Amino acid sequence: TAGQSLLDEGRQLLDAAGSLERRVRNVAKGWEAELTIACDELVGAPALYPLLKSFYAGGHPTRIRLSAEVLSGGWDALISGRAALAIAQEGLAPTIGISTRSLGRVQLAFVCAPGHPLARAREPLRLEQVRRHRRIATADTSRALAPRSAGFLDAEDTLTVASMQAKIEAQVAGLGVGFVPRALVAAFLAKGTLVEKRVAEARGGPHLCVAWRARETGRALRWFVEQLEDAEVRRSLTG
C-alpha cells in the first residue's frame, strides 16, 4: 500500500541519516571515511587480505578501497591523491613530502611454459639467449608520471598485458617468458604448468616500500603503517 511504501521510505531515510551521523562522528575522532591503498601487483591484493581481516575484526569504521598498480602507478596514485597509502617500488618517484618505510626485496623467479624452448635449455640461461625470446611485460599504470618498463629492455619482441595475472597466464600459455614474483607462481610451479629457470647475471628483485604523504594523520592510515612494521607481515608481502 501507499502507506507501507511511505513507511519503508521513511525508515530508509532514517537509516541513511543515522549512517551519515556515525560517519561524521568517526571523522571527528580521526577516522577517515575512506582509505584507498594502492598496491603494486608484485604483491597483489590477496597478500593484504589478512591485514584487512584484522582491520575489520577491530571494528574500525573506515571504508577501504584497493587499487592495483604497476611500476610507477603506485607513486602516481599517491602523489596525485588517488590513494593515501601505497605499497610501491622504491626509487621510481621523488619522495619530497612523502614518508616511506622499507618492506624488503621481492623474490622473483624466471619462468616459462614446459613446452617453451627455454624450458629445455641448459642452465644457467645467458641473457643473450633470453633476449631472443618474446618477453611478457605488464604496462605501467601511471597517469601523470613518466611510464617505465622493467625486465629485458632490448628483447627482440615484447607482449604487453594489463596485469600480473595476465602476465602469468600468458606465460602459462607459452606466449613468452619473464620474471614474476615467486610467491604468485608457486602453485603453477608445483603443478608443472610453469618451469623455473636460472638466469646468469640476473638482477635481484625490486625493493618495495610503504609510502604515504607526510602530512596525513588519519587513524586508519596509521593503523596500516603500524601493521606493516611487523617483520612477519613484511615477509608475507615480499615472499
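These legends go with four close-up views of a predicted model.

**View 1. The largest cavity and its lining.** Rolling a probe the size of a water molecule over the atoms shows where empty space is left. Here the structure holds 1 cavity of 30 Å³ or more, and the volume of the largest cavity is about 30 Å³. Around this space you will find I37, L48, L51, L85, I87, F224 and L228. Sorted by class, the lining has 7 nonpolar residues, with no polar and no charged ones.

**View 2. F110 and F179, an aromatic pair.** A pair of aromatic rings is described by the distance of the centres and the angle of the planes. The count for the structure comes to 6 aromatic pairs. In the one shown here, F110 and F179 meet edge-to-face, 5.2 Å centre to centre with 65° between the planes. The pair links distant parts of the chain, with F110 in strand β5 (residues 108–112) and F179 in strand β8 (residues 178–181), 69 residues apart. F110 is buried at 1% relative accessible area, whereas F179 is partly exposed at 25%.

**View 3. W223 and F224 within a ring cluster.** The ring centres of W223 and F224 lie 4.9 Å apart and their planes are at 80°, so this pair is edge-to-face too. W223 is buried, with 13% relative accessibility, and F224 is buried at 3%. Ring pairs join both residues with W31, F55 and Y56 in a cluster. Look back at the first view to meet F224 again, as part of the cavity lining.

**View 4. K191 over the ring of F188.** K191 sits over the face of F188, 5.5 Å from the ring centre.

Technical notes. Residues are numbered from 1 along each chain as its sequence is written. This is a predicted model: local features need pLDDT of at least 70, side-chain atom pairs count only at pLDDT 80 or more; totals for chains, interfaces and linings use all residues. Side-chain values use heavy atoms; hydrogens and water are left out. On a 1 Å grid over the protein atoms alone, a cavity is a set of points where a 1.4 Å probe fits but cannot get out, and a pocket is an open set with protein on both sides within 12 Å along at least five of seven lines; lining residues have an atom within 4 Å of a point. Grid points are joined across faces, edges and corners, and a volume is the space filled by probe spheres set on the points. Ala, Val, Leu, Ile, Met, Phe, Trp, Tyr, Cys and Pro count as nonpolar, Asp, Glu, Lys and Arg as charged, and the others, Gly among them, as polar. Rings of Phe, Tyr and Trp (its six-membered ring) pair if their centres lie within 6.5 Å; planes under 30 degrees apart count as stacked, over 60 as edge-to-face and the rest as tilted. Helices (H or I, at least four residues) and strands (E, at least two) are DSSP runs, numbered from the N terminus. Buried means under 20% relative accessible area, exposed over 50%, partly exposed in between (1.4 Å probe, protein chains only). A charge sits over a ring if NZ of Lys or CZ of Arg is within 6 Å of the ring centre and within 35 degrees of the ring normal.
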